[in-house]
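Here is a friendly walk through the charged and aromatic side-chain contacts of one protein. Have a look at the sequence and the model first, and then read on.

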Amino acid sequence: MIRVLFVCMGNICRSPMAEAVFQHMVKEAGLENQIEADSAGTGDWHRGEPAHHGTLAILQKNNIPYAGRSRIMVKSDLDDFDYIVAMDERNRRDLREMFGNTSDRVKPLLDYGVQAKQSQIREVPDPYFDGGFETVYLLAQDGCAGLLETIRRAHNL
């Protein structure tokens, strides 16, 4: 099983959105028995809570189910997941502070996104205070599509 972990700050907005979008793509590709996804946060402010209502509303609008609960990333996740995908540079920095040098393990989501690269967008913005969940959804689609293609090529799926 190939395992993917999406990471943001509180694990209620961006990383659950990416997790749900990615799982949906994996299911549509018929690869749910070969690839699984999860998400986590770098902070514990929302531990155990459902995803933000803005995230859930966008996912529901696009017929993508999601029932996950927020959790904080733990050191064992570095060994348990094949791909660790951060939403922004602050998340990557937080992971380095939490676990030491993770630069070879943690990649930004938008490094996989074709449209994001063309537009030179490097980070998924945090919609927690200002909204922008539709933008996050579109960026998640782009990054997750590229990530899935990368995994398919790397693992001959």
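What follows covers salt bridges, then aromatic pairs, then a charge over a ring.

Please keep in mind that this is a predicted model.

**Salt bridges**

The count of salt bridges in the model comes to 11. Three of them are listed here with the separation of their closest N and O atoms.

| Salt bridge | Closest N and O atoms |
|---|---|
| Arg 96 with Glu 89 | 3.4 Å |
| Glu 149 with Arg 153 | 3.6 Å |
| Arg 90 with Asp 94 | 3.9 Å |

Let's take the helical examples in turn. Arg 90 and Asp 94 both belong to helix H4, which spans residues 89-99. They sit four residues apart, about one turn of that helix. How exposed is Arg 90? Its relative accessible area is 42%, so Arg 90 is partly exposed. Asp 94, in contrast, has 16% relative accessibility and therefore counts as buried, since the cut-off for buried is under 20%.

Helix H6 (residues 133-154) holds Glu 149 and Arg 153, again four residues apart and separated by about one helical turn. Glu 149 counts as partly exposed at 38% relative accessibility, while Arg 153 counts as exposed at 56%.

For the bridge between Arg 96 and Glu 89, both partners are partly exposed: Arg 96 has 30% relative accessibility and Glu 89 has 29%.

Salt bridges can also join into a group. Which residues are linked in a network of salt bridges? They are Arg 14, Asp 88 and Asp 126.

**Aromatic pairs**

There are two aromatic pairs in the model. In one of them, Phe 6 and Phe 22 meet edge-to-face, with 5.5 Å from centre to centre and 65° between the planes. This pair links distant parts of the chain, as Phe 6 lies in strand E1 (residues 2-8) and Phe 22 in helix H1 (residues 14-28), 16 residues apart. Phe 6 is buried, with a relative accessible area of 0%, and Phe 22 also counts as buried, at 0% relative accessibility.

Tyr 128 and Phe 129 form an edge-to-face pair too, at 4.7 Å centre to centre and with 90° between the planes. Here Tyr 128 is partly exposed, with a relative accessible area of 32%, and Phe 129 is exposed, with 74%.

**A charge over a ring**

One more contact rounds off the tour. Arg 3 lies over the face of Phe 81, at 4.2 Å from the ring centre.

How values were computed
Residues are numbered from 1 along each chain as its sequence is written. This is a predicted model: local features need pLDDT of at least 70, side-chain atom pairs count only at pLDDT 80 or more; totals for chains, interfaces and linings use all residues. Side-chain values use heavy atoms; hydrogens and water are left out. A salt bridge is a side-chain nitrogen of Lys or Arg within 4 Å of a carboxyl oxygen of Asp or Glu. Buried means under 20% relative accessible area, exposed over 50%, partly exposed in between (1.4 Å probe, protein chains only). Helices (H or I, at least four residues) and strands (E, at least two) are DSSP runs, numbered from the N terminus. Rings of Phe, Tyr and Trp (its six-membered ring) pair if their centres lie within 6.5 Å; planes under 30 degrees apart count as stacked, over 60 as edge-to-face and the rest as tilted. A charge sits over a ring if NZ of Lys or CZ of Arg is within 6 Å of the ring centre and within 35 degrees of the ring normal.
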